[in-house]
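Q: I would like to learn how to read helix packing and backbone features from a set of coordinates. Could we work through a case together?

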Amino acid sequence: MDIMQRPRRLRKTQIIRDMVRETSLSVKELIYPMFIVEGENIKEEINSLKDCYHYSVDKIEDEINELKSLGICAVILFGIPSYKDECGSSAYDENGIVQKAVKKIKEIDENFYVITDVCMCQYTSHGHCGILKEGYVQNDETLEYLAKIALSHAKAGADMVAPSDMMDARVGKIRKCLDENNYENVAILSYTAKYASSYYGPFRQAASSAPSSGDRKSYQMDYHNSKEALREAYLDIKEGADMIMVKPALAYLDIIRMFKEKCDMPLVAYNVSGEYAMLKNAVDNGIMKEDVIYETMIAIKRAGADLIITYFAKYLAELLKK
């Protein structure tokens with residue numbers, strides 16, 4: 001048989017496979033999510049996210065030092081406040097839970113990179129991502145609060161703010177507010193294509209952020225749509241976003257690929273709680289081999305993500321050391 005092309009020649013040994021490998025994953029490309037709660041001496045495993053924890057501010061130092069030892073240099077913070085109200089006032093309190101956590105991390109290591117989630121769902125009594133009136137989240141009124149939250153995070157020392165609310169024009173509003181207050185060097189990571197997804201279930205338990213009534217489909221994206229995501233990306237870039245994000249990741253690899261091809265911007269994928277829980281449970285119950293975790297991250301990178309927010313960050317960092 002006359003076979004001129006034999007792709008298997010470049011698969012024969014591990015050495016040649018490594019030499020021609022197209023996609024790689026580095027620990028520097030991983031961002032670890034952390035949940036911060038009020039109180040003292042708290043490190044409690046989250047029921048819906050095995051091996052992930054709620055931390056009180058006094059317990060942050062050990063975690064940051066562990067992350068540093070693994071080579072992880074960035075976190076994204078989610079706060080669970082002690083009180084909630086209609087306008088989420090604890091979200092922009094200078095002594096709020098996220099603000100205290102940011103200050104603490106910067107005391108531990110001023111160079112450790114801190115990203116803060118900017119939203120209102122954990123802080124509002126109704127659990128929606130903005131000001132709710134007659135069952136509908138008010139877009140323009142919410143922008144004022146989001147800007148206040150982002151500014152309070154910047155004042156605390158955040159390196160980057162990440163609005164996750166999906167209100168129209170929030171990137172521009174936040175950028176203007178930061179610039180006017182001399183925080184022009186604080187970056188914005190926009191949750192650009194955040195879909196109304198069932199994959200968020202474990203997170204909503206972890207952050208106590210489920211809406212008390214209705215859903216978020218009037219502001220988060222319809223998962224039937226892809227072209228709409230590109231429109232969101234172009235708007236966010238025009239408004240001053242420094243990075244754009246696709247959330248969730250695994251079921252939205254096509255959106256990641258589209259952004260990579262169409263948008264000349266650093267691209268973040270959020271490997272969300274439901275994706276983590278599915279793989280974690282499958283591995284722990286012997287349904288799949290642990291290798292599936294790394295394979296999944298490579299799929300996200302192969303689709304085009306530059307950075308990945310993932311609850312597997314510590315596991316992956318250990319794996320990449322080997």
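A: Let us begin with a pair of packed helices, keeping in mind throughout that this is a predicted model. Ile60, Glu61, Ile64 and Asn65 of helix H2 are in contact with Ala101, Lys104, Ile105 and Ile108 of helix H3. Sorted by class, the residues of this contact comprise five nonpolar, one polar and two charged.

Q: How are the axes of H2 and H3 placed relative to each other, and at what angle do they cross?
A: The axes of H2, which spans residues 60-70, and H3, which spans residues 97-108, come within 10 Å and cross at roughly 55°. An angle that fits none of the parallel, antiparallel or perpendicular ranges is called oblique, and H2 and H3 are therefore oblique to each other. The crossing in which H2 passes H3 is right-handed.

Q: At what angle do H2 and H11 cross?
A: The axes of H2 and H11 cross at roughly 30° and come within 9 Å. Because angles under 35 degrees count as roughly parallel, H2 is roughly parallel to H11. The crossing of these two helices is left-handed. On the H2 side the contact is made by Glu63, Glu66, Leu67, Ser69 and Leu70, and on the H11 side by Lys314, Ala317, Glu318 and Lys321. The residues of this contact of H2 with H11 divide into three nonpolar, one polar and five charged.

Q: Which residues of H10 and H11 meet, and how many of them are nonpolar, polar or charged?
A: Here one reads the geometry before the chemistry. The axes of H10 and H11 come within 11 Å and cross at roughly 95°, which makes H10 roughly perpendicular to H11. Ile293, Tyr294 and Met297 of H10 meet Tyr315, Leu316, Leu319 and Leu320 of H11. By class, this contact has seven nonpolar residues, with no polar and no charged ones.

Q: How many residues does H10 have, which of them are buried, and what covers them?
A: For a single helix, one can compare its end-to-end span with the expected span, and then list what is buried and what does the covering. H10 covers residues 291-303, so numbered along the chain, and its 13 residues reach 19 Å from the first C-alpha to the last, close to the 18 Å expected at 1.5 Å a residue. Buried in H10 are Val292, Ile293, Thr296, Met297, Ile298, Ala299, Ile300, Lys301 and Ala303. The cover over these buried residues includes helix H8 (253-262), strand S11 (267-271), helix H9 (273-284), strand S12 (307-310) and helix H11 (313-321). H10 is followed by Gly304, whose phi is positive, near 135°.

Q: What does the reading give for H4, and which residue comes just after it?
A: H4 runs over residues 139-156, and its 18 residues reach 26 Å from the first C-alpha to the last, close to the 26 Å expected at 1.5 Å a residue. Its buried residues are Thr142, Leu143, Tyr145, Leu146, Ala147, Ile149, Ala150, Leu151, Ser152, His153, Ala154 and Ala156. What covers them includes H3, S5, S6, S7, strand S8 (160-163) and H5. Just after H4 comes Gly157, with a positive phi of about 120°.

Q: Where does Gly130 lie, and is it buried or exposed?
A: Gly130 lies in the loop between strand S5 (113-118) and strand S6 (131-133). Its relative accessibility is 0%, so Gly130 counts as buried. Leaving aside residues up to four places away in sequence, Gly130 touches Met120, Thr124, Val137 and Thr142; the last of these is also among the buried residues of H4.

Q: Which backbone values deserve a second look?
A: Most residues other than glycine have a negative phi, and most peptide bonds are trans. Glu134 is not a glycine, yet has a positive phi of about 50°. Glu134 sits in the loop between S6 and strand S7 (136-138), and at 86% relative accessibility it counts as exposed. Asn182, likewise a residue other than glycine, has a positive phi near 65°. Asn182 is placed in the loop between helix H5 (170-180) and strand S9 (187-194), and is exposed, with a relative accessible area of 65%.

Q: Which peptide bond is cis, and where is its proline found?
A: The bond from Lys247 to Pro248 is cis, with omega near -5°. Pro248 is found in the loop between strand S10 (243-247) and H8.

Terms used:
Predicted model: local features only at pLDDT ≥ 70, side-chain atom pairs only at ≥ 80, totals over all residues. Heavy atoms only, no water. Helix = DSSP H or I, 4+ residues; strand = E, 2+ residues; numbered from the N terminus. Buried < 20%, exposed > 50% of the residue type's maximum accessible area, 1.4 Å probe, protein only. Contact = heavy atoms within 4.5 Å. Axes fitted to C-alpha atoms, helices over the stretch in contact; angles between N-to-C directions. Parallel < 35°, antiparallel > 145°, perpendicular 65-115°, else oblique. Left-handed = near helix turned anticlockwise from the far one by under 90°. Nonpolar A, V, L, I, M, F, W, Y, C, P; charged D, E, K, R; others polar.
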